[in-house]
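Subject: Handing over a structure

Dear colleague,

I am passing on the structure below, and after it you will find a description of what was found. Please keep it open beside the text as you read.

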Amino acid sequence: MVSLNSWSVPPYRKKEVTEGDLGLFEALLNKAIPRAEDQKMFTHWLAWCLQNEDDKPTWAPFLYSRTKGTGKSTLCQLVSRLFGTKNSITLNSVSSLTAKFNLPILLSKLVICEELQLRPDSPQGNQLKTYMTEKETAAEAKGRDIERVSQCCCFIFTSNHLPVWIESDERRYYVIDMEHSGHASGKDAKEFGSFIGEVVAYMDDEESLARLYRALMSLKLPNSFNAKSLNVAELDSPIMKQIQGTSRQVILEQLEELLAERGAFAISQADLVQLCIDRLKCNPNQIRHLMTELRWSRSNVKWGGVDYARSIWVHPDYQVSGGQVKGPGGYEEAVVTDHEDIEFQEREPASLPEIGRVSE
């Protein structure tokens, strides 16, 4: 067997510089990222990735701003230059990364995914989590069999939409708020646009990149920084708290209130799915996790006079037996679903349906 290293040394690394200098990289962070803590976190993440180029972090920066023109793409381009443009790839969605023939993408060192939007518990989301955390994975290229590959990708994600799909206990995304007055239609747009022009010229200068690389390679990381673990409970980022507050916990509380509103201690899987779609506007794939957190249990039972079992969720203090919901204090009620609680008026069947119509 032959192993081929596809890594290409960035040309700027052949430059000999005596001193490191964060230069316009630091200035870009100061202008584009309002919070100093976020600036430090991004710098430490980037420095760790460069200092450990044959390894990979298990979490990624997620650059967010509601408005356009805040410098997200420019910052990503600068990071791409540091790793080398031949070792980096930029995608306009997650679909290419999670598609069938994604081996060339996973062989890149840096993967930038713009406008990342996922649904909780979606196959794409679960697949992306694997790529972010595992160094060994299965991948496929066109005309070749699926093979086991070693990958050391690091990821950066961007979006103009608040990623409320991120669950409250998710430890793979560090969201950085890049909203500022220099955006495309902001009061400081002209000044910020001129500055971005300077950064673009800065990126084209190999000696400037060499000094930046040297500065990041010599940067001593604090003991509090961990590229392998992101403790979201210790983060005081307002944007992270906002996302956590509007994600899973809120849906969980809303679901608990809706179930209490119904006054029922058992609900069919079909009705629960409809409840999530119509009232909560959430992904039905979350049902299992949400109901488990509420300590409801699922079982397959027969009710309503049918001879086959159906899925039903039952309150932790109750049980279903013989089509009856039974609980404390002698509680006993028949299992009734929303569509079974409708009265139908009987009609005399027609002898023959009219042509072109369906009989009721």
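What follows goes from the chain as a whole to its two sheets and then to its open and closed spaces.

This is a predicted model, in which local features need pLDDT of at least 70 and side-chain atom pairs count only at pLDDT 80 or more, while totals for chains, interfaces and linings use all residues. Residues are numbered from 1 along each chain as its sequence is written, and side-chain values use heavy atoms, with hydrogens and water left out.

The protein chain has 11 helices and 13 strands, where helices (H or I, at least four residues) and strands (E, at least two) are DSSP runs numbered from the N terminus. Of the 360 residues, 43% count as buried, that is, under 20% relative accessible area with a 1.4 Å probe and protein chains only. Among contacts (heavy atoms within 4.5 Å) between residues at least 6 apart in sequence, 71% join residues at least 24 apart.

One open sheet has five strands in the order E2-E3-E6-E1-E7, with parallel pairing; two strands pair if DSSP finds at least two bridges between them. Its edge strands are E2 (88–91) and E7 (173–177), each of which pairs on one side only. Neighbouring strands of this sheet are turned by 20 degrees against each other on average, direction ignored; such angles run from 0 to 180 degrees between the N-to-C directions of axes, which are lines fitted to C-alpha atoms, for helices over the stretch in contact. Within the sheet, E3 (residues 110–114) and E6 (residues 154–159) pair in the parallel sense over five bridges, and Glu 114 has Thr 158 in E6 as its bridge partner. Helix H5 (residues 123–133) lies across E1 (60–64), E6 and E7, and runs at about 140 degrees to E6.

A further open sheet is formed by three strands in the order E8-E10-E9, with antiparallel pairing. Strands E8 (266–268) and E9 (297–301) stand at its edges with a single partner strand each, so one side of each is left without a neighbour in the sheet. The twist here averages 35 degrees from one strand to the next. Five bridges join E9 to E10 (residues 310–314), and the bridge partner of Arg 298 is Trp 313 in E10. Helix H10 (residues 269–280) lies across E8, E9 and E10, running at about 85 degrees to E8.

Turning to the spaces, on a 1 Å grid over the protein atoms alone, a cavity is a set of points where a 1.4 Å probe fits but cannot get out, and a pocket is an open set with protein on both sides within 12 Å along at least five of seven lines; lining residues have an atom within 4 Å of a point. The second largest pocket is lined by 17 residues, with Met 41, Tyr 174, Ser 224, Phe 225 and Leu 235 nearest its centre. Helix H2 (residues 36–51) gives the largest share of that lining, four residues.

The second largest cavity is lined by 10 residues, of which Ile 166, Glu 167, Met 240, Ile 243 and Gln 244 lie nearest its centre. Helix H8 (238–245) and strand E7 each supply at least two residues of this lining, and H8 gives the most, with three.

With kind regards

How values were computed. Buried < 20%, exposed > 50% of the residue type's maximum accessible area, 1.4 Å probe, protein only.
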